[in-house]
Each structure stands twice: as structure tokens, then as C-alpha cells.
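Here are my notes for you to read alongside the structure. Please keep the model open and look for each residue as it comes up.

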Amino acid sequence: MLDWEEILSEANGQYSPSVSFKQKQNPDDSGTRIILSKLTRVSNFSEKDTSISLSKLFNCFDSDFIVSVQRNGNPPIILTRELRYEGIDQQFEWDIEDLANKINSNYRSKKELKGKIISSKKPMRQDLRGISLYANGRLVNASGFFGASEADHTFTYMSGWIDADFLDEFNDDLISTDRQSLSWDLQEAQNLQVYLQAIMKFLVKDWSLRRKKAKEKDDKKRSGIDIKNWVGTMPKDMGKAVKNIVEKAGKNPAIDDEEYTEVAQGLYKVMPEYPIFHWRNLHKQVQNSSKEKYQNGDYYGALEEACKVYAQEVRRTAILKSPDCKNKIEPLDDRVLMDKVFSEDTTKAILSIAANIRRPDGVLMDTKTRSSLEAAQRSLSVGIITGYRNPLAHEQHNDLSATGVISEQHCLDALSLVSLLMLRLTDANKAESVSVD
């Protein structure tokens, strides 16, 4: 038994504690018990806080070495490595052994390091931050980030421990006199510090990437909108502005999930995908045929596919309207097809898009008006094939772009024209079947 008063009263600095033996109440009991008695502290203290502090000083707690703290008969608190993370809302985790394969370093002892680093969803309390370094279970460097200074805000989210048992094998005493840090001026310590700083740099980048992905996933869950893909369909300046609004709403603690959803969905209604190019207004068949190339930014390919599907639909509809002319319609070149099936003279047209267009009072519109609409469908259909589909099929798209003969903007405008022609065709009424010369 150690007596504090007797220790203080020994004049020569030599103290011999008294030793006594007691019979174990349970023969199976084993271990060591340290009892602090006759404490004079007036202010209250928490055995939980004491347990957490002890768990930070040592890193040897596991199923083979169990330590507990008990106060005045209260239930004992088992010390564990996880206890030091009490109160941390964990988000991500890294294994030190795994990082050895991800960090480019020639440090010879990197595969002997073990440990775990975690990050929280929100900044941690000051006393929880930092990575502790241990050698054979005892603390050799207090919580910190080994001199890594970049992205300090990242480190407010991080805590963890690293075991470096090999430090005890060196002849030089690498541990400073205060037992709270390594003597970083020694070469072996410097080599370790360089590698630990490389780990810290990796964590800063990896944490940022994982945090970003987690936020995107969370925002999508909250709003029901894939923010990243949505913003990606906009011009850069517009997308940046929209993203900024959504992110500020997401970070504002005064805005709850329901209000955030209203903000995101309200913006989406006002500014849906592809707001400049009006993708949402294109005819469904045009969208279906050109979607993949359109989303990949290949507007030349998108227009070519749209022209193909329009020609196919014209041919199919013409045969459906005049099955007797099938053998004459099928082999027609697409440009000739448009010229044959549409005509401002409805008596010669296989397909009519304006024959039965009426005013609100039910009276047929003027003959010249209907004739003009028919002529427009024919001329524009011939034009879209001749002026766009054929050049896109016969020339390199890069050459068309470089010369400006057909630009990306031309393709986008032409897609709207194909959409209009397809819409007219969809709504067309049946014209009388006629023969094809």
C-alpha cells in the first residue's frame, strides 16, 4: 500500500511501502486493482472523463488486457480504444495498414504501422481532435497532426491513433523528457514524421472527395434531385450560380429538410435540365433517338440520329396511309421521299398535315393557309435531309465544325426543327391515297 503522506515525509527520498496479503474471495479472480482512498478533493469529478483520459494515455486495451474504472461502488467503466471517441458522430474511417499501399513512400517501416483514423460529420471538440502515437501500448506523442499545416479545417474533423512499436528498438531515446512527444530532431523520428505527414496530406484529399460524394448523396436523398447531373446540363456560369444557391440552402442550419427540398425542387421547376437548349420541349421520339449522344455533348450525332428517326417515321406513316404504294415508297431516297409524300397540292399528297385544320368555330382555315403549311412541311423536310442529314452522313463532323458550315448551335437549332416536323407528322390527318409516279 502506498501512503501519500508518508511519501512526502521521507527526508532521504527513500520510501518503502508496506506490503500485506489478503486471501482472494474468488479463486478464479486475477489481475491488479489500484484503489485511491481518503481523497480530499472537494469538487466533483466524472469517472467517465477519467476513463476517457486514461484511454488516450494507453493503447493496450483489448480482450486480453481489460482495465476498468469504478467509483464508490458505481458500475465499472471498461476502458477500450473506442472509448476515446466517445461523443464523436463518426462519418469516415481509414486503416493505417491500408494507407501504406496508397501512399507513394520509401519509408522502410511503413508496413509496421497500425492504427485507425476516423472523421466526424461535424467539427469535433478541441480535446477530441488529433492523431495519437503509441509504442507498445504507451503514449509517445500526444494528439496532433505531426506538423502538417495545410487544410487545417479538415483536421477539426479528425481523430485517431497509430501504433509504432518499433520505436522502442532504437538505441537513441526518441521520446522527449515530457513523455508527450518524440524528439523530432533525431533522424529516425524525422523519417517517421515525413511519412506521417504524407498520410495527413492523403487524408486531406481523400476526406474532401469522400465528403463531397456523401454530401451529393445526402442532397439527392433530401431533395429527390441528382444535383450534380442537373447542374451539369447547364452552361458553366448558370450551373455555378444554381449550385451555389442549393449548397447555401443545404448548409444553412435554419433551413430544415422540408424547406431545403422546396428550394431545390422550386429551382428545378424554373430551370430544369438543359434549360438553354430546351431539351424538355423536344418531341419524345426525337429525345429517345438522340438522348445518348446529346447527353455526351455530341450534338452532330444527336441531330443525325433525329433525322434518321424522322425519315423512318415519315416512311412508316406514308406506307400506313397508302399501303398500295408500299413498293414505290420503300426504296425512295430520304430526300426524294419527303418530296413525294408531302405536297402543297393535297390531291397529290400521300401525307397531309393541314388538310383538316379548322378555326375555333369549326370552319376550315383558308385554302391558301393550309396549302402554305403543307408546302412548309415539304420544303423543311427536304431541307433538313438535304442540308443537315446528308452532310452529317458524308463529312467528318470535326471538319464541319472547324469550317463553321454546321456548328453545334446549328445542330441544336436543327433539332428543334426536326422536333417541330415530327410533331406535325404525329398530328397529321390521313390524306386520300394517291399513286406515286
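1. Two strands are said to pair if DSSP finds at least two bridges between them. With that in mind, and remembering that this is a predicted model, begin at strand S5 and strand S7, which pair in the parallel sense over five bridges. One of the places to check is Tyr-134, whose bridge partner in S7 is Asp-163.

2. Strand S7, made of residues 158-163, has another partner to examine, since strand S4 (residues 114-120) pairs with S7 in the antiparallel sense over six bridges. Here you can look for Ile-118, which has Ser-159 of S7 as its bridge partner.

3. Are the residues of S7 buried or exposed? Six of its six residues are buried, and the strand is therefore described as mostly covered, with buried meaning under 20% relative accessible area. In a regular strand the side chains alternate between the two faces of the sheet. In S7, Met-158, Gly-160 and Ile-162 point one way, while Ser-159, Trp-161 and Asp-163 point the other way, and all of them are buried.

4. Strand S5 (residues 130-135) also pairs with strand S6 (residues 138-144), this time in the antiparallel sense and over four bridges. Ala-135 has Arg-138 as its bridge partner in S6. The hairpin formed by S5 and S6 has two residues between the strands, and within this hairpin Asn-136 takes a positive phi near 50 degrees.

5. Turn next to the loop between strand S2 (77-79) and strand S3 (90-95), where Asp-89 is placed. Asp-89 has a relative accessible area of 47%, and because exposed would require over 50%, this residue counts as partly exposed. Leaving aside its neighbours within four places in sequence, Asp-89 is in contact with Ser-119, Ser-120 and Lys-121. Asp-89 and Lys-122 are 33 residues apart in sequence, yet their C-alpha atoms are 7.5 Å apart in space.

6. Which residues have the most contacts inside the largest nonpolar core? They are Tyr-310, Val-314 and Phe-342, in a core of 43 residues. The elements that give two or more residues to this core are helices H9, H10, H12, H13 and H15, and the largest share, twelve residues, comes from H10. Leaving aside neighbours within four places in sequence, the contacts of Tyr-310 include Met-338, Phe-342, Gln-377 and Leu-425. A second, separate core has 34 residues, among them Tyr-107, Ala-135, Phe-155 and Phe-166.

7. Ile-329 belongs to helix H11 (residues 326-329). Its relative accessibility is 0%, and so Ile-329 counts as buried. Apart from neighbours within four places in sequence, Ile-329 is in contact with Arg-315, Ala-318, Ile-319, Ser-322, Leu-337 and Ile-350. One of these, Ala-318, is eleven residues away along the chain, and its C-alpha atom is separated from that of Ile-329 by 7.7 Å.

8. Finally, consider the second largest pocket, which holds about 950 Å³ of space. Of the 26 residues that line this pocket, the closest to its centre are Arg-211, Lys-215, Asp-218, Asp-219 and Lys-251. Helix H5 (187-223), helix H6 (227-232) and helix H7 (236-251) each supply at least two residues of the lining, with the largest share, ten residues, coming from H5. The lining of the second largest pocket divides into seven nonpolar, five polar and 14 charged residues.

How values were computed:
Residues are numbered from 1 along each chain as its sequence is written. This is a predicted model: local features need pLDDT of at least 70, side-chain atom pairs count only at pLDDT 80 or more; totals for chains, interfaces and linings use all residues. Side-chain values use heavy atoms; hydrogens and water are left out. Buried means under 20% relative accessible area, exposed over 50%, partly exposed in between (1.4 Å probe, protein chains only). Contact means heavy atoms within 4.5 Å. A nonpolar core is a set of buried Ala, Val, Leu, Ile, Met, Phe, Trp, Tyr and Cys residues joined through side-chain atoms within 4.5 Å. On a 1 Å grid over the protein atoms alone, a cavity is a set of points where a 1.4 Å probe fits but cannot get out, and a pocket is an open set with protein on both sides within 12 Å along at least five of seven lines; lining residues have an atom within 4 Å of a point. Grid points are joined across faces, edges and corners, and a volume is the space filled by probe spheres set on the points. Ala, Val, Leu, Ile, Met, Phe, Trp, Tyr, Cys and Pro count as nonpolar, Asp, Glu, Lys and Arg as charged, and the others, Gly among them, as polar.
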